[in-house]
Amino acid sequence: MTMKFAFFADLSDFLQSQYGVSVPEIPVELCPPQFTGDITVNCFPLAKALRRNPMELAAALCAQLASHSDIEAVSAVKAFVNITLRPAALMRDTVADRDALLAAVALPAVERRRVLIEFSAPNTNKPQHLGHVRNNTVGMATASILERAGHDVVRVNLVNDRGIHICKSMLAYQRFGAGVTPASSGKKGDHLVGDFYVAYDKELRKQLAALRLDKPALADKTDEELFLETEIGMAAQEMLRAWEQNDPAVRALWETMNQWVFDGFAVTYRRMGVEFERTYLESQTYMLGKDIIRDGLERGVFKKRDDGAVIIEFDDPSLGTKVVLRSDGTSVYVTQDIGTTMLKQNDFQPDQQIWVVGDEQIRHFKVLFAILKALGYSWADQLTHMAYGMVNLPSGKMKSREGTVVDADELFDEMETLARDATVEKAGDDLPENLDERARVISMAALKFMLLKVNPKTTIMFDPQASIKFEGDTGPYVLYAYARICSMLRKAAAASDVTAGALDWALLKEPAERMLALRCALYPELLQKAARDLDSSALAGYLLDLAKDFSGFYRNCPVLNADDASLRTTRLALSETVRVILADGLRALTINTLESM
RNA sequence: GUACCUGUAGCUCAGUUGGAUAGAGCGUCUGGCUACGGACCAGAAGGUCGGGGGUUCGAACCCCUCCAGGUACGCCA
């Protein structure tokens, strides 16, 4: 725990003199509510380090601390020493120095690194869905958290803009498109292209059914096996070949349709606040990696198998053997990834690369990292696959074929409508001028917070009916606490007739005030934990706790209506600290705030 | 078949160098604004932490085993 209390120094001296062992960190935690105290020293781990009996150690610490000038009361319960601090000392060591508290959020310079994080990675054959929304949200928040912790962060996207699936929507457009464009149809480009991808699939299904009827001998084969037996399958394959040979007509159509999709993605990204320093296109990187394979073959990292394929045999039996170059000399998926990893390394020289990619690719990244390590790159130990879980619906997995995907743009629209309705309902007679902005901010806060408050690796159950909430453990709850503080500060600034009292932290004695101050002091630790563990949920959970503690304080401790001018001033200062931390933490989650809602 | 992930309250989820009586939100039930914003607050009910065994002063957490669900094991991406 990074909370530092002045009495630690005296405690440390006592332990040194008494037991002859220096204890660099005093393990202190928040005192559970069922016990009396602000903070607790757990003597079990301490006793282990000192080789002492935990209960006796607790009793000794208790006796020692009882006379300390910062401490009001202390009691030992079993091996736990519960400490109640004097108000002035508690506040002095937690919130009195706001700048120091916020400065403690960033890691010391020696621990800062340059981190390259890749996320989103959409395909240009269809619009983005809820799964992408989770990826984008987690990617942006993780990048932002790392940045707040002091790291130098580079965000990159790798767009999958080529391949057979892209040709499918192109082919369907050629056949059924009749020259329609986003402008002529009024449809967002990525949605328009997605429609043709669906149209292709429909036609393929039709042809597959006809084929099976026609040739019963083929009926047992899978769709995949029969793909090239169908006319439209063959045509897509042919188009891919033409694309690879730079056929001008195919390339022109590809350029046009991809641009439609990029335009559509830009809108989706803007709504989410997603930005990249660099967007790589697979069409420009998919040929990379072969040189590295050839070089590795010469150095004996890889072998040529009898059938001509280039392979790597891992020492780790669980990884087995992996083909890295086909017998016809072309690349496989992992070959391209080797190439793009090198490219990113050369372009930005990061100390660490992070991929935000679904957990179904855990094995792929294990293999990729093992290959790069076998190739001897010094940075190969600093590669991280941030595997996040799927988003499932109550009806099961999202399947585009069955039309059960939750479309990103539609989801944003629906949530915005709900947020607007809720805002209108609460506003009563006087509608705010910035109703649209409020609806946008509140709905996006609700969605992002819902995705960020759970551990990224957890599989999420998204129930459209139940998941869209603005009450309880939600983004809007945190925004609401923020808005209430802003409201108080506005009123305080406007109330010129009220004389300002002197700041006096010793006046804050209420349990809710103490709790709130201690919570504030925990912020640096929690943000650093979120950064270290690549876990936004640690930060989101903390912000919820902070907002809850503030709500309790707000309820129990009058601020503007405090009896005493000094008390009013000091409570306002505490509220301002909470506001600043909420703003800082929400920004690290890429969630915008509102001064009124 | 093999490997990895998951299993905690009716539901959705927290819970790490193993530490006090396992927490929160939603839902249900009961209260609370002539106090600064009720998107709020206070309280109640709700648990053999998937089952069993082991290690330990102490296990939701570590080990073994079984059960249930998911994912991955391509010269697809």
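**Exercise 1.** How many Å apart are the mean positions of the positive and negative charges of chain A?

*Solution.* Begin with what is counted: Lys and Arg are positive, Asp and Glu negative, while His and the chain ends are not counted. Each charge is then placed at NZ of Lys, CZ of Arg, CG of Asp or CD of Glu. With 68 positive and 81 negative charges, the two mean positions in chain A lie 2 Å apart.

The model is a predicted one, in which local features need pLDDT of at least 70 and side-chain atom pairs count only at pLDDT 80 or more, whereas totals for chains, interfaces and linings use all residues. Residues are numbered from 1 along each chain as its sequence is written, chains are lettered from A and ligands numbered from 1 in the order in which they are written, and side-chain values use heavy atoms, with hydrogens and water left out.

**Exercise 2.** Describe the sheet that contains β9 and explain which strands stand at its edges.

*Solution.* Strands are DSSP runs of E with at least two residues, numbered from the N terminus, and two of them pair if DSSP finds at least two bridges between them. The open sheet has three strands in the order β8-β9-β10, with antiparallel pairing. Because β8 (303–304) and β10 (321–325) each have a single partner strand, they stand at the edges, and one side of each is left without a neighbour in the sheet.

**Exercise 3.** Trace the pairing of β9 with β10.

*Solution.* Strand β9 covers residues 310–313 and is joined to β10 by four bridges, the two running antiparallel. In one of these pairings, Glu313 has Thr321 of β10 as its bridge partner.
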